[in-house]
Structures are given as structure tokens and as C-alpha cells.
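Hi,

Here is the structure you asked about, with some notes underneath. Have a look at it first, then read on.

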Amino acid sequence: MTAPQVVVHRDKELMAQAAAARLITKIVDAQAARGSASVVLTGGRNGNGLLAALAASPARDAVDWSRLDLWWGDERFLPEGHPDRNVTQAREALLDTVELDPARVHAMPASDGANGGDVDAAAEAYAAELARAARPENHGAVPSFDVLLLGVGPDTHVASLFPELPAVRETERMVVGVRGAPKPPPVRISLTLPAIRAAQEVWLLAAGEDKARAVTIALSGAGEVQAPAAGAYGRRRTLWLLDRAAAAGLPRELYPPASP
Ligand SMILES: O=C1O[C@H](COP(=O)(O)O)[C@@H](O)[C@H](O)[C@H]1O
């Protein structure tokens with residue numbers, strides 16, 4: 001487990017811009033070192049804010065978009081093209097404006113796709129897609145993603161792992177179907193904590209007053225079943241990217257005094 005590092009920005013706009021700049025640098029560095037990069041996207045306000053900031057950044061042209069693998073941490077199990085699907089929102093915020101290789105865009109299945117309305121079969125299909133992409137050096141059933149992004153919900157959920165629901169207790173499967181999510185829609189697909197922890201770096205995003213309680217709980221030693229965000233960490237780095245409002249309840253010693 002890597003200890004969380006906390007970076008606090010003035011407001012949510014600056015947080016999104018700084019996170020976008022950080023992500024561009026990570027992708028460019030990975031592509032320079034290995035020829036390609038892999039990123040797991042998140043849905044939600046902060047994840048989409050980051051993508052919009054990336055779309056607006058002139059530095060986005062430093063990325064070779066055709067050599068980027070994109071995966072999703074979770075998806076709302078809805079028909080293809082539904083406006084509430086995370087992939088639809090990501091396309092609108094960024095993906096439709098860059099030259100991605102469609103074969104490298106690994107959206108989670110839709111409820112009107114090959115598996116029909118069977119969310120468990122859809123989750124299994126996504127797990128199989130991840131397993132095919134994993135290399136022997138990844139030592140597991142999912143790739144060692146360069147960066148895995150997670151928005152933190154006001155109830156401490158990450159991806160579609162909600163407090164106390166069975167998905168957050170999963171220790172074997174990499175992807176699961178979720179039913180009864182307290183945030184609509186109730187049926188979702190999610191990476192599990194073991195899949196999330198396969199990433200080299202996990203970045204958790206939270207901005208706004210309504211996230212302050214969740215951030216304080218997750219960073220104060222809570223258990224992952226009660227506070228799923230507490231169980232999200234990367235192999236090499238776990239980075240919490242916050243704005244001042246979301247960090248309001250944290251003890252000041254948790255982040256450096258130099259944070260503007
Ligand atoms: O429903 C979801 O919510 C979380 C958090 O979203 P936010 O709007 O509160 O920031 C998100 O990370 C997840 O991907 C999404 O499906």
C-alpha cells in the first residue's frame with residue numbers, strides 16, 4: 001500500500017487544470033519510455049472537469065493520442081449513447097476532439113450491447129478484455145495502468161464501489177456488476193479494489209464543499225468497506241488532488257504548507 005499524498009489547489013477550476021497538466025506529462029513520459037500509455041478514466045463532475053481542462057490545454061498536442069489505451073473504472077449500465085453514460089460524457093468533454101485509435105478505447109459494455117441487460121455477463125466480458133490486454137510482467141489479470149483516475153463521491157464511493165455494498169468486498173474478480181447503487185442509475189459495472197490497486201498510480205479527485213466529509217473520513221483511517229475511497233491506492237503512488245473546499249476538514253499536517 002502506498003501512503004496517500006495530498007495536493008490542495010485554490011478551487012476546482014485550478015485543480016482540473018493542474019490535474020490535466022499532470023496527466024499530459026505522465027502520458028508523454030510513458031509514451032517516450034515505452035511507446036504507449038494507459039489511463040483509466042472516471043465519470044462524475046471532477047473527472048469530466050479534468051477532461052474538459054485537458055481539451056482546452058494547448059499542451060494536449062504533446063500527446064500521441066493514437067498510442068493511448070483508455071479504460072474505464074466504472075460505467076452506468078445504460079444503452080449505448082445514453083447521456084448519463086460515463087463514456088458519452090467523456091466523448092463530449094474530450095475524446096471526440098482527439099485522434100484516438102478506436103481499438104484502444106475500451107468502453108465498458110452498454111445495456112443494449114452483446115450481453116443484453118445481463119450486467120454480470122457484461123462485467124465478465126470487460127474482465128476478459130482486460131485480461132487479454134495484461135502482459136506477463138503485469139503479474140495479474142489486468143494491465144498495470146499508468147494512471148487510474150477516480151472521482152470521490154460525497155458518500156466516499158469510488159468507481160461504482162459504494163459503502164457496504166457487496167462490490168466493495170470483492171477480492172477475486174476484477175470487474176463486477178453492481179445492483180442497488182444508492183446513486184442513480186442503480187445498475188452499474190465497476191472495477192473492484194484489486195483491479196484498482198494494479199495501477200501504477202491512482203489519482204483521486206475531489207472538489208467542492210460536498211466532498212469535504214468524504215475526504216476527511218477516507219484519509220482518517222476509515223475501513224474500505226465503510227469508505228471505499230480509503231481502499232483505493234496505487235502500486236507506486238496514491239495522489240489525492242483536492243480543492244480547498246474539499247480539503248477543509250483535513251488536518252493541516254496532511255499536506256505541505258506550500259500548497260497555494
Ligand atoms: O456516479 C459516479 O460518481 C462518481 C463521483 O462523481 P461526482 O460527480 O460526485 O464527482 C464517479 O467517480 C463515478 O465514475 C460515477 O459513475
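A quick definition before the core: a nonpolar core here is a set of buried Ala, Val, Leu, Ile, Met, Phe, Trp, Tyr and Cys residues joined through side-chain atoms within 4.5 Å. Also keep in mind that this is a predicted model.

With that in hand, the largest nonpolar core has 88 residues, and W72, L191 and W240 have the most contacts inside it. Helix α1 gives this core its largest share, 8 residues.

W72 is a good place to zoom in. Leaving aside residues up to four places away in sequence, W72 touches V40, L41, N86, V87, A90, L95, V105, H106, A107, M108, Y126 and L191.

Three of those names lead to helix α3, where N86, V87 and A90 are among the buried residues, along with T88, Q89 and A93. Since 6 of the 8 residues of α3 (residues 86-93) are buried, the helix is largely enclosed by the rest of the structure. What covers its buried residues includes β2, α2 (44-56), β3 and β4 (74-76).

Now the pockets. The largest one has a volume of about 670 Å³. It is lined by 21 residues, and R34, S38, N138, S144 and D146 are the closest to its centre. By class, the lining comprises 10 charged, 6 nonpolar and 5 polar residues.

Which elements each supply at least two residues of that lining? They are α1 (12-34), β2 (37-41) and β3 (68-72). Of the lining, α1 provides the largest share, 5 residues, and α1 also gives the largest share of the core.

Cheers

Definitions and conventions: Residues numbered from 1 in each chain as written. Predicted model: local features only at pLDDT ≥ 70, side-chain atom pairs only at ≥ 80, totals over all residues. Heavy atoms only, no water. 1 Å grid on protein atoms, 1.4 Å probe; cavity = no way out; pocket = protein on both sides within 12 Å on 5 of 7 lines; lining within 4 Å. Points joined across faces, edges and corners; volume = space filled by probe spheres on them. Helix = DSSP H or I, 4+ residues; strand = E, 2+ residues; numbered from the N terminus. Nonpolar A, V, L, I, M, F, W, Y, C, P; charged D, E, K, R; others polar. Buried < 20%, exposed > 50% of the residue type's maximum accessible area, 1.4 Å probe, protein only. Contact = heavy atoms within 4.5 Å.
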